[in-house]
Amino acid sequence: MKVPFQSLQRELEPLAEELKQALNAVIDSGFFIRGSEARAFEKEFASFCGVTDAVGCGNGLDALQLILRGLGIGPGDEVIVPAHTFIATWLAVSHCGATPVPVDCLEETGNINPEAIAPAISPRTRAIIAVHLYGQPARMDAIADVARSHKLKLIEDAAQAHGATCQGNPVGSLGDAAAFSFYPAKNLGALGDAGAVTSNDKTLLEAVRTLGNYGSRQKYQHDVQGINSRLDELQAAALRVKLRHLESQNRRRQAIAAYYLDALNSTPVQLPTVVPGMEPVWHQFVVRCQQRDALQSHLRDGGIETLIHYPVACHQSAAYVSSMPDSHFPVAEKLAAEVLSLPISHALTDSEVMQVADTVKGFFR
């Protein structure tokens, strides 16, 4: 039996009728940009995240950029970022004209190491971006302490963590602002690209909304040099449908993760660690293995599709290596060489999950 890493068709099938009705309603309305669906989703998602409001935008990268620009961060400024993350975290800083300053990560989660942040802070540092990698909340209490003591803004990159909680509080409400991606493969995915910013800071949210609408609050009056990054009505309508099912789908992911953690506990693979007080939503279930490539090949031969998130550390990518040629982040580099993501879609069957675990165990027999 072949086990896909993720099948969007299978995930969408139970929601097909709801989605068609929602999309048809938008088509019938004739409103496709800045209509009632986008505003309704913003309010519903803000409530889900436990914040005052949300602003929809074009994608997760834009969400991060809009937050940074809304905070006035730009050329000459520095922003602390994790060394192990999807490159969009770094690109958002660079696209604002600021400089990403990497900090190494914790081996057990891949998230930024709070104890390594303070030594990286300089007089030019303006903010810290904490990524909730793979759906595992970062240690926001410790990171927030550093941010407060140095009077820095704290931004959540929550692109992979829709519905995760830290000490009972939802991600998206744990810093000055949070950026979400609704790329189709996310726990809460649109039918194309989409993103959002959440915050309790009304001034910042207004700045984000203005910047994403060509710098305009009123048509043909442009207060700042903005961009075009808006959540369209079709994507908002689809997201409203999918948001209603997110908690149950996250619970299924959590059940699959619990099974993997138990079934693979006796194998040599290094399993992810759940920090006390954290409730991950397992966007990815990432194991580590020194024989990563051989294990991946074994799983492929067994009909199981896997992916690697992420095989190249950001500071070693062609986009950044020339600007930081002597940088060395041993944990991030080790993770890039060893991580392997196992299938954990909420649409997987019990027999498929068991097959994944049994095939991993078979590699070590």
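Which helix holds both glutamate 42 and arginine 39, and how many residues apart are they? Hi everyone, let's start there. Both of them lie in helix H3, residues 36-49, and they sit three residues apart, about one turn of the helix. Please keep in mind that we are looking at a predicted model.

These two side chains form a salt bridge, with the closest N and O atoms 2.7 Å apart. As a reminder, side chains of opposite charge can pair when their charged atoms come close. Now look at the surroundings of each partner. Glutamate 42 is buried, with a relative accessible area of 5%. Arginine 39 is partly exposed, at 28%.

Arginine 39 has another partner, too. Its side chain meets that of aspartate 53 in a salt bridge, at 2.7 Å from N to O. This pair connects distant parts of the chain, since arginine 39 is in helix H3 while aspartate 53 belongs to strand S1, residues 53-57, and 14 residues separate the two. And is aspartate 53 buried or exposed? Aspartate 53 has a relative accessible area of 17%, and because the cut-off for buried is under 20%, aspartate 53 counts as buried. If you follow the shared partners, the salt bridges join Arg39, Glu42, Asp53 and Arg209 into one network.

Let me step back for a moment. The structure holds 19 salt bridges, and I'd like to show you one from another helix. In helix H2, residues 16-29, glutamate 17 and lysine 20 are three residues apart, so about one helical turn separates them. They form a salt bridge as well, with their closest N and O atoms 3.9 Å apart. Lysine 20 is partly exposed, with a relative accessible area of 48%.

Now for some helix packing. Let's turn to H4, residues 60-70, and H5, residues 88-95. How far apart are their axes, and at what angle do the helices pack? The axes are 9 Å apart, and the angle is about 40 degrees. The two helices are therefore oblique to each other. As for handedness, H4 passes H5 in a right-handed crossing.

Which residues make the contact? On the H4 side you'll find Leu61, Leu64, Gln65 and Leu68. From H5 come Ala88, Thr89, Leu91, Ala92, Val93 and His95. Sorted by character, the residues of this contact divide into seven nonpolar and three polar, with no charged ones.

That's my tour; thanks for listening, and please go ahead with your questions.

Definitions and conventions. Residues numbered from 1 in each chain as written. Predicted model: local features only at pLDDT ≥ 70, side-chain atom pairs only at ≥ 80, totals over all residues. Heavy atoms only, no water. Axes fitted to C-alpha atoms, helices over the stretch in contact; angles between N-to-C directions. Helix = DSSP H or I, 4+ residues; strand = E, 2+ residues; numbered from the N terminus. Parallel < 35°, antiparallel > 145°, perpendicular 65-115°, else oblique. Left-handed = near helix turned anticlockwise from the far one by under 90°. Contact = heavy atoms within 4.5 Å. Nonpolar A, V, L, I, M, F, W, Y, C, P; charged D, E, K, R; others polar. Salt bridge = Lys/Arg side-chain N within 4 Å of Asp/Glu carboxyl O. Buried < 20%, exposed > 50% of the residue type's maximum accessible area, 1.4 Å probe, protein only.
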